[in-house]
Amino acid sequence: MQVSRAPSYAGPADAGVATEKVTIELDRSTTTVAYSAGDTLLQTARMAGLSPPSSCEVGSCGTCMARLTEGCARMLNNDALEDDEVQEGWVLTCQALPTSPTVRVVYE
């Protein structure tokens with residue numbers, strides 16, 4: 001039996017991993033950019049010249065939610081997503097810091 005590990009929220013134990021690149025899928029376009037340490041996924045998308053959805057930017061509204069399809073991220077705050085959504089790979093990009101060498105996030 002083969003077990004596949006889906007990308008998901010990562011806890012503090014993953015915090016020391018250096019992220020090199022982030023791939024962002026938004027509006028049927030894919031952009032890969034170098035990651036700047038300390039930036040959230042939302043900030044990374046904006047620095048790449050993209051206009052991802054966002055509103056409150058404190059992790060309360062869910063407007064910026066996107067699905068991780070590769071890699072892991074740690075959310076600083078999450079007042080919008082249910083546990084099952086997080087288990088399915090959803091993150092609040094305004095609060096998500098990448099914790100793996102590469103990350104792919106899809107705004108659906």
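## Polar contacts of threonine 19

A polar contact is a pair of N or O atoms within 3.5 Å, of which, within protein, one must be able to donate a hydrogen and the other to accept it. In this predicted model, the side chain of threonine 19 reaches the backbone oxygen of serine 100 at 2.8 Å, and a polar atom of that side chain also lies 3.5 Å from the backbone oxygen of proline 98.

## Surroundings of threonine 19

Threonine 19 belongs to the segment that comes before strand 1, which spans residues 21–26. Once the neighbours within four places in sequence are set aside, the residues in contact with threonine 19 are Tyr35, Pro98, Thr99, Ser100 and Pro101, a list that includes both residues whose backbone oxygens were named above.

Is threonine 19 buried or exposed? Its relative accessible area is 11%, and because buried means under 20%, threonine 19 counts as buried.

## The five-stranded sheet

The model, being a predicted one, contains an open sheet of five strands that follow one another in the order 2-1-7-3-5, with mixed pairing. At the edges stand strand 2, residues 29–34, and strand 5, residues 90–92, each of which pairs on one side only. From one strand to the next, the twist averages 30 degrees.

## The pairing of strands 3 and 5

Strand 3, made up of residues 65–70, pairs with strand 5 in the antiparallel sense, and three bridges join the two. Within this part of the sheet, methionine 65 stands opposite leucine 92, a residue of strand 5.

Key
Residues numbered from 1 in each chain as written. Predicted model: local features only at pLDDT ≥ 70, side-chain atom pairs only at ≥ 80, totals over all residues. Heavy atoms only, no water. Helix = DSSP H or I, 4+ residues; strand = E, 2+ residues; numbered from the N terminus. Buried < 20%, exposed > 50% of the residue type's maximum accessible area, 1.4 Å probe, protein only. Contact = heavy atoms within 4.5 Å. Pairing = 2+ DSSP bridges. Axes fitted to C-alpha atoms, helices over the stretch in contact; angles between N-to-C directions.
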